There are 2 protein chains.
Amino acid sequence: MWKKLETASPGESVPLARALEQIPWNADGLIPVIAQQYDTGEVLMLAWMNAPALKETLVKGRVCYWSRSRGQLWRKGEASGQIQELREMRFDCDGDTLLLLVDQTGPACHTGRRGCFYNLVQGDKLTVDKAVLIDPKILYGE
Amino acid sequence: MWKKLETASPGESVPLARALEQIPWNADGLIPVIAQQYDTGEVLMLAWMNAPALKETLVKGRVCYWSRSRGQLWRKGEASGQIQELREMRFDCDGDTLLLLVDQTGPACHTGRRGCFYNLVQGDKLTVDKAVLIDPKILYGE
């Protein structure tokens, strides 16, 4: 099915249910998911979904990932209140990566920064170039 | 080291060589890499790098991935001429994902589209919403 869509013209479609059945999940049953702020274009984070997380995200319109470290569904913002509202979902050419356009409330990163990609390669250094917006102690009530 | 950078202020840095030693490669020795067009913000694709691909990308300033399907270094554009010039490289908070800002020549996607995320979820359908720019037969001389 992904192969067939490669040569499709804009406007051609397949049933979503069929596409979901054809996702080439990795060995752990997961797919990588890029979250991008819908209006600024900032890439906020990369996380992972399993089938239940993807289904919940589609039904509720609020992004739910699979936490690999905790081994459970991760309803983004459930602890911090910093939710991701789904604006748009896209599959890539071979169906093994998702791109979400989201509306992120506050910081997406567990460090309290807006996004996770704050470690910039600069010559022979790796430099932090984004500030913490909200102290994680406040976000997570530690 | 990644943990320490979590609380660092903008401007704080560590030696890049040290950061590269601390990359938490996955079980296959790979890290996922997001490529974003530097000026438009379009997310073009997600691919993977191993240590040699990352090193080559840093040295040459032209993006080199690891092709999981072909099991070899994949100098982006080597077959199609559609190269990615590296503009900026960023690691995420736990060092296990890369975000590249690139200047992509022509189509990034092997289908001949600008980017790979042309399969849009629309209600109960998955709809192709981007056109092929250059026929892959021309790109790859098939």
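1. Tyr38(B) first. In this predicted model, Tyr38(B) sits in the loop of chain B that links strand 2 (31–37) to strand 3 (43–49). Is Tyr38(B) buried, exposed or partly exposed? Its relative accessibility is 34%, and since buried means under 20% and exposed means over 50%, Tyr38(B) counts as partly exposed.

2. Next, the company that Tyr38(B) keeps. Leaving out residues up to four places away in sequence, Tyr38(B) touches Arg87(B), Leu101(B), Val102(B) and Asp103(B). As for Tyr140(B), that residue is 102 residues from Tyr38(B) along the chain, and the two C-alpha atoms are separated by 25 Å.

3. Gln84(B) is another one to click on. You'll find Gln84(B) in strand 6 of chain B, residues 84–91. With 0% relative accessibility, against a cut-off of under 20%, Gln84(B) counts as buried. What does the side chain of Gln84(B) make a polar contact with? The partner is the side chain of Tyr65(B), at 2.7 Å.

4. The surroundings of Gln84(B) are worth a look too. Setting aside neighbours within four places in sequence, the residues in contact with Gln84(B) include Ala35(B), Leu44(B), Met45(B), Val63(B), Lys76(B) and Ala108(B). Tyr65(B), the polar partner from the previous point, is also among these contacts. So are Val102(B) and Asp103(B), both of which Tyr38(B) touches as well.

5. Now chain A as a whole. Chain A has four helices and nine strands, and reading from the N terminus the order is α-β-α-β-β-α-β-β-β-β-β-β-α. Its C-alpha trace spans about 45 × 35 × 30 Å along the principal axes. Of the 142 residues in chain A, 51% count as buried. Among contacts in chain A with a separation of 6 or more, 42% come from residues 24 or more positions apart.

6. On to the interface. There, 53 residues of chain B are in contact with 53 residues of chain A. Together the two chains bury about 4,200 Å², with 61% of it on carbon and sulfur atoms. On the chain B side, the residues that lose the most area to chain A are Arg90(B), Phe117(B) and Leu126(B), which together make up 16% of what that side buries.

7. The polar side of the interface deserves its own point. The count between chain B and chain A is four salt bridges. One of them joins Arg90(A) to Asp129(B), with the closest N and O atoms 2.7 Å apart. Across the interface there are also 30 residue pairs in polar contact, both partners at pLDDT 80 or more. By residue type, the side of chain B that touches chain A divides into 29 nonpolar, twelve polar and twelve charged.

8. Strands pair across the chains as well. Strand 1 of chain A (residues 13–15) runs antiparallel to strand 9 of chain B (residues 125–128), joined by three bridges, and Pro15(A) stands opposite Lys125(B). Strand 6 of chain A (residues 84–91) pairs, again antiparallel, with strand 8 of chain B (residues 119–122) over two bridges. In that second pairing, Phe91(A) stands opposite Asn119(B).

9. Last, the chain B hairpin behind those pairings. Strands 8 and 9 of chain B run antiparallel and are joined by four bridges, with Leu120(B) and Thr127(B) as bridge partners. How many residues lie between the strands of this hairpin? Two, and Gly123(B) in the hairpin takes a positive phi near 60°.

Conventions: Residues are numbered from 1 along each chain as its sequence is written. Chains are lettered from A and ligands numbered from 1 in the order in which they are written. This is a predicted model: local features need pLDDT of at least 70, side-chain atom pairs count only at pLDDT 80 or more; totals for chains, interfaces and linings use all residues. Side-chain values use heavy atoms; hydrogens and water are left out. Contact means heavy atoms within 4.5 Å. Buried area is the accessible area (1.4 Å probe) that two parts lose on being put together, summed over both. A salt bridge is a side-chain nitrogen of Lys or Arg within 4 Å of a carboxyl oxygen of Asp or Glu. A polar contact is a pair of N or O atoms within 3.5 Å; within protein, one must be able to donate a hydrogen and the other to accept it, and residues adjacent in sequence count only if both atoms are side-chain atoms. Ala, Val, Leu, Ile, Met, Phe, Trp, Tyr, Cys and Pro count as nonpolar, Asp, Glu, Lys and Arg as charged, and the others, Gly among them, as polar. Two strands pair if DSSP finds at least two bridges between them. Buried means under 20% relative accessible area, exposed over 50%, partly exposed in between (1.4 Å probe, protein chains only).
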